[in-house]
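Thank you for sending this model over for comment. My remarks follow as numbered points, beginning with the ligand and then turning to the domains.

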Amino acid sequence: MAEKKPLVVVTRKLPDAVETRMMELFDVRLNLDDKPMSTDQLIEAVKTADVLVPTLTDRIDSQLLAHAGPRMRLIANYGTGVDHIDLAAARQHDIAVTNTPDVLTEDTADMTMALILAVPRRLAEGERVLRSGKWEGWSPNWMLGHRIYGKRLGIIGMGRIGQAVARRARGFGLSIHYHNRRRHHPDVEGELEATYWESLDQMLARMDIISVNCPHTPATYHLLSERRLKLLQPHAYIVNTSRGEVIDENALTRLLRAGDIGGAGLDVFEHAPAVNPKLLELDNVVLLPHMGSATFEGRIDMGEKVVVNIKTFTDGHKPPDRVLGEGF
Ligand code: DGY
């Protein structure tokens, strides 16, 4: 008799290739019209399924997990960040959690570097002027930005993405500084020519550009509080491709408006998809709708990771991307 396949519920539409592979391996309920699932639909899913495949747009909290049925054993997240999942509640219900690290590192680092270039060089502002038909031609003092080469970049969170950003930034002549929960081995620091700052406050006060690359956890919520943002030099730029919650967005907006911070490049927002309307009015910001990992290749690789995690887990092995708890 054929073995019963695990029931897998997928909360959003995934790339076709990924869904097809899932259909071959598992008993799958897809979400073909990609409408985010309601709370009731999520409750029904955790009650009946063996595996839930959510994304960052689903809130997998303790209230939801209280409805988990006896079969529910794995949350195989489609994405790296797991701040939308209550890990402690999952552990309490003996539900394993996996994610999709590594495969979006290079894409996210590319987007971070794009913002590091775009903000000081006023890329979006220039493009807006050109499209508006108001460009009157080249002039010596018009649309001047700031040079990247030779400046100091402070990376908050020197994990995989932070290191990939550092490698790119060195190529642009930036000197690399970092703050991380743990200092890296001298070999890593040597390769990146990176200077470690145990004190985040000290680093913030000395950098020209700050890049946020740490995950959002209870420890990093508003890590860049108003007090810390005020430590930045007035010409400093800040780039965030991690999670909006790491920065106090209202405080950042106020400081940008007042000219106390040079500019910001944001791919993520504290209350996404809502964006502080005052940010939208500013010229010294480049704002993107969470596109850091948005490549065809990356999204397929993420799906393949989800498939491997489910398959190894349901075959009785340890999945490769088990999430044990987060830090930075
Ligand atoms: C993730 O996987 O957490 C990313 O933020 C998606 O872009």
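1. Which atom of the ligand does a polar side-chain atom of Ser-293 lie 2.7 Å from? In this predicted model, the partner of that Ser-293 side-chain atom is an oxygen atom of the ligand, with 2.7 Å between them.

2. Two further polar approaches to the ligand deserve a place beside that one. The side chain of His-290 has an N or O atom 2.9 Å from an oxygen atom of the ligand, whereas Gly-81 contributes through its backbone, where an N or O atom lies 2.8 Å from a ligand oxygen atom. Taken alone, the ligand would expose 230 Å², and the protein buries 89% of that area.

3. The residues around the ligand are Leu-56, Gly-79, Thr-80, Gly-81, Leu-104, Arg-243, His-290 and Ser-293. Sorted by class, this shell holds two nonpolar residues, five polar residues and one charged residue, and I would describe it in those terms when discussing the site.

4. On the overall layout, the domain assignment gives a domain 1 made of two segments, 7-102 and 296-324, and a domain 2 that covers 105-287. The centres of the two domains, taken over C-alpha atoms, are 32 Å apart, and the contact between them draws six residues from domain 1 and six residues from domain 2.

5. The area buried between domain 1 and domain 2 comes to about 510 Å², with carbon and sulfur atoms giving 34% of it. On the domain 1 side, Leu-56, Asp-83 and Asp-102 together supply 73% of the area buried against domain 2, which is more than any other three residues supply. Of these, Leu-56 is also listed among the residues around the ligand.

6. Finally, the polar character of the interface should be set out with its counts. Two salt bridges are found across the interface of domain 1 and domain 2, and four residue pairs there are in polar contact. The domain 1 side that touches domain 2 comprises two nonpolar, two polar and two charged residues. Asp-83 and Arg-243 meet through their side chains in a salt bridge, at 3.2 Å from N to O, and Arg-243 is in addition one of the residues around the ligand.

Definitions and conventions: Residues are numbered from 1 along each chain as its sequence is written. This is a predicted model: local features need pLDDT of at least 70, side-chain atom pairs count only at pLDDT 80 or more; totals for chains, interfaces and linings use all residues. Side-chain values use heavy atoms; hydrogens and water are left out. Domain bounds come from an automatic or database domain assignment. Contact means heavy atoms within 4.5 Å. Buried area is the accessible area (1.4 Å probe) that two parts lose on being put together, summed over both. A salt bridge is a side-chain nitrogen of Lys or Arg within 4 Å of a carboxyl oxygen of Asp or Glu. A polar contact is a pair of N or O atoms within 3.5 Å; within protein, one must be able to donate a hydrogen and the other to accept it, and residues adjacent in sequence count only if both atoms are side-chain atoms. Ala, Val, Leu, Ile, Met, Phe, Trp, Tyr, Cys and Pro count as nonpolar, Asp, Glu, Lys and Arg as charged, and the others, Gly among them, as polar. A residue is near a molecule or strand if one of its heavy atoms lies within 4 Å of it. Accessible areas come from the Shrake-Rupley method with a 1.4 Å probe; for residues, only the protein chains shown count as cover.
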